Amino acid sequence: MPAREGVIGRTTETTHDIDTEVVVVGAGPGGTVLSYLLARSGVEVLLLERHADLDREFRGFGFQPDALRLFDEMGLLERVLALDHEEVRRGVVHVYDKPYEVFDFDDLSGPYDFALLMEQPPLLETIIEAASEFETFTYRLHTPVRDLRDEDGRIVGVRALDHETGDELAVRSRLVVGADGRFSTVRAAADIDPGLLESDLELLWFKLPETVAHSAAQSRLNEHGLLLYFGVGGGEIQLGWFIEKGTYPELRERGIEAFRERLVAVDPSLAPAFPDSLPSFDACSLLHIEPGLSGKWVRDGLLLIGDAAHVASPIGAQGNVLAIQDAVVAHTTVTTALERGAGTLPAATLRGYEERRRPAVERVLKSQRLAERGLSWLVRRSDSLPEPVKRPLLKAPFAIPAHVPIARLPFGRRLLTRALFGPDPVRVDTTRFRERPGGRR
Ligand SMILES: Cc1cc2nc3c(=O)[nH]c(=O)nc-3n(C[C@H](O)[C@H](O)[C@H](O)COP(=O)(O)OP(=O)(O)OC[C@H]3O[C@@H](n4cnc5c(N)ncnc54)[C@H](O)[C@@H]3O)c2cc1C
């Protein structure tokens with residue numbers, strides 16, 4: 001790796017030149033899965049992650065059954081299931097204490113009839129560990145990408161900062177993959193609009209001990225609000241509370257005790273956890289729900305996947321599986337394009353990936369937007385309705401007769417069923433896999 005002195009910003013740094021076939025920016029579900037698949041197919045791949053470890057900010061922890069199938073096709077399912085997790089087979093919403101089933105994975109055929117709830121960091125580490133078994137894979141933590149290298153409109157690499165040494169990396173590649181999430185630096189540097197869509201909602205997250213909170217994937221709804229529960233293993237349950245966008249300062253002003261009282265009004269069984277398990281708003285994180293759909297996912301030398309291409313809403317827990325499905329389709333497109341010649345991969349050879357994925361992503365996004373509108377109404381308007389009107393209104397979307405075909409299900413369950421089961425089965429192209437060290441495939 002040749003090194004030279006250079007001046008960047010106000011500091012003098014050494015610049016290291018690195019050549020690789022593909023550089024993947026961002027070690028989320030999309031970036032790690034694509035890096036693993038490329039490395040396993042003999043492609044030289046460099047994965048760059050901005051943070052010093054993977055254990056820092058909130059990440060979505062629901063993985064749909066289709067993600068299990070894809071992990072199995074990749075040869076990773078056994079390792080994934082060895083991690084701390086919870087299995088979700090049925091989803092139940094308690095509306096005024098009456099349970100309504102909103103999805104049942106028993107309807108799915110085959111062995112992948114449950115979803116996983118798990119913390120992302122151990123999962124990502126497991127995928128990176130699997131990729132590291134292949135010598136064409138290199139992983140650099142604490143190395144944020146700051147800019148793209150552009151030659152006559154073609155993307156030919158990235159510039160990154162190695163925080164460990166303070167040096168700049170000038171990476172030259174045939175393809176840059178932007179897998180750097182909702183605030184993607186790669187997307188911004190390529191001048192691609194994220195296509196953000198307005199949302200009236202924000203989500204407040206906090207954790208409670210699982211001894212008091214209910215188990216995996218449940219929710220409770222009444223006139224005081226909607227409470228979501230996600231068991232993630234490790235003795236804790238993650239809870240979510242929707243609020244109207246911009247109203248968090250008011251909620252804080254009313255005080256943590258008033259918030260705890262509202263939570264207990266939705267679920268009285270939480271009372272023993274308070275005040276100890278939710279001593280202040282410092283134990284809460286506020287997450288913005290601002291989905292988006294970029295107008296363009298490929299350029300000469302550039303491909304976007306996951307949230308960098310389409311910012312996922314947390315509604316219906318679809319973002320992880322969409323990012324993984326993107327990576328699976330991108331793997332086939334990229335390995336085929338790399339074989340076709342030398343130099344920067346032209347947009348024309350990458351476009352098949354976008355054409356395959358965009359309609360599927362648009363369908364999921366549409367379902368999420370519809371569900372979001374309903375939720376938004378609930379959060380903003382339901383306080384003003386008289387109780388005799390509100391109660392039947394809140395119950396209506398969930399009143400579902402058993403075993404009705406999807407097309408004839410009531411609106412709420414149809415929406416959830418479509419979103420949760422995912423519309424587009426993609427397959428891992430295992431014919432591209434090389435042997436693992438030790439002769440295993
Ligand atoms: C509140 C909330 C709850 C959610 N819950 C769920 C859920 O339960 N289930 C679900 O499926 N989805 C959920 N999602 C969505 C899900 O988290 C995302 O869709 C998913 O993480 C996208 O994966 P990704 O690989 O595209 O990006 P990310 O997971 O965002 O990963 C991007 C990576 O890129 C790194 N990075 C960023 N910039 C740079 C840079 N310049 N250089 C190098 N690295 C960089 C980041 O540090 C990060 O590691 C939720 C989202 C929100 C906001």
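This report describes the fold, the sheets, the helix packing, the ligand shell and some backbone details of one protein.

## Overall architecture

The model is predicted. The protein contains 11 helices and 19 strands. Of its 441 residues, 41% are buried. Among the contacts between residues at least 6 apart in sequence, 72% join residues that are at least 24 apart.

## The seven-stranded sheet

Seven strands make up an open sheet with mixed pairing, and their order is S7-S6-S14-S15-S16-S13-S17. Strand S7 (98–104) and strand S17 (285–288) each have a single partner strand, so each of these edge strands has one side without a neighbour in the sheet. On average, neighbouring strands of this sheet are turned by 25° against each other, direction ignored.

Within the sheet, strand S14 (residues 218–222) and strand S15 (residues 225–231) run antiparallel and are joined by five bridges. Here Leu-221 is found opposite Leu-226 in S15. Helix H7 (residues 256–266) lies across S14 and S15, and its direction makes an angle of about 80° with S15.

## The three-stranded sheet

Three strands form another open sheet, with antiparallel pairing and the order S4-S8-S5. Its edges are strand S4 (62–63) and strand S5 (86–88); each has a single partner strand, so one side of each lacks a neighbour in the sheet. S5 and strand S8 (residues 115–117) run antiparallel, with three bridges between them. Val-88 faces Ala-115 of S8 in this pairing.

## Two hairpins that share a strand

Strand S11 takes part in a hairpin with S10 and in a hairpin with S12. The table sets out the two antiparallel pairings.

| Strand pair | Bridges | Residues between the strands | Residue in the turn with positive phi |
|---|---|---|---|
| S10 (residues 145–151) and S11 (residues 154–162) | six bridges | two residues | Asp-152, about 55° |
| S11 and S12 (residues 167–178) | six bridges | four residues | Gly-166, about 80° |

In the pairing of S10 with S11, the bridge partner of Glu-151 is Arg-154 in S11. In the pairing of S11 with S12, Arg-159 stands opposite Ala-170 in S12.

## Packing of helices H2 and H8

Two packed helices are described by the angle between their axes and the distance between the axes. For helix H2 (residues 65–74) and H8, the axes come within 9 Å and cross at roughly 35°. The crossing of H2 past H8 is left-handed. On the side of H2, Asp-66, Ala-67 and Leu-70 make the contact, while H8 contributes Asn-320, Val-321, Ile-324 and Val-328. Sorted by class, this contact of H2 with H8 has five nonpolar residues, one polar residue and one charged residue.

## The shell around the ligand

Helix H8 also has a part in the surroundings of the ligand. There are 34 residues around the ligand, and those that come nearest are Gly-26, Gly-28, Gly-60, Gly-306 and Gly-319. Helix H1 (29–40) and helix H8 (319–339) each supply at least two residues of this shell. H8 provides the largest share, namely four residues. In terms of class, the shell consists of 16 nonpolar, 13 polar and five charged residues.

## Backbone details

Most residues other than glycine have a negative phi, and most peptide bonds are trans. Which residues depart from this pattern?

His-142 is not a glycine, yet has a positive phi of about 55°. His-142 belongs to the loop between strand S9 (137–140) and S10. Because 15 C-beta neighbours lie inside 10 Å, His-142 counts as partly exposed.

Asp-152, the turn residue of the hairpin formed by S10 and S11, likewise is not a glycine and has a positive phi of about 55°. The loop between S10 and S11 is where Asp-152 is placed. Is Asp-152 buried or exposed? A residue with 12 or fewer other C-beta atoms within 10 Å is exposed; Asp-152 has 7 such atoms and is therefore exposed.

The peptide bond from Phe-274 to Pro-275 is cis, with omega near 5°. Pro-275 is located in the loop between H7 and S17. H7 is the helix that lies across S14 and S15, and S17 is an edge strand of the seven-stranded sheet.

Key. Residues are numbered from 1 along each chain as its sequence is written. This is a predicted model: local features need pLDDT of at least 70, side-chain atom pairs count only at pLDDT 80 or more; totals for chains, interfaces and linings use all residues. A residue is buried if 20 or more other C-beta atoms lie within 10 Å of its own, exposed if 12 or fewer, and partly exposed in between; C-beta atoms are placed from the backbone. Two residues are in contact if their C-beta atoms, placed from the backbone, lie within 7 Å. Two strands pair if DSSP finds at least two bridges between them. A residue is near a molecule or strand if its C-beta atom, placed from the backbone, lies within 6 Å of it. Ala, Val, Leu, Ile, Met, Phe, Trp, Tyr, Cys and Pro count as nonpolar, Asp, Glu, Lys and Arg as charged, and the others, Gly among them, as polar. Axes are lines fitted to C-alpha atoms, for helices over the stretch in contact, and angles run from 0 to 180 degrees between N-to-C directions. A crossing is left-handed if the near helix is turned anticlockwise from the far one by less than a right angle, and right-handed if clockwise.
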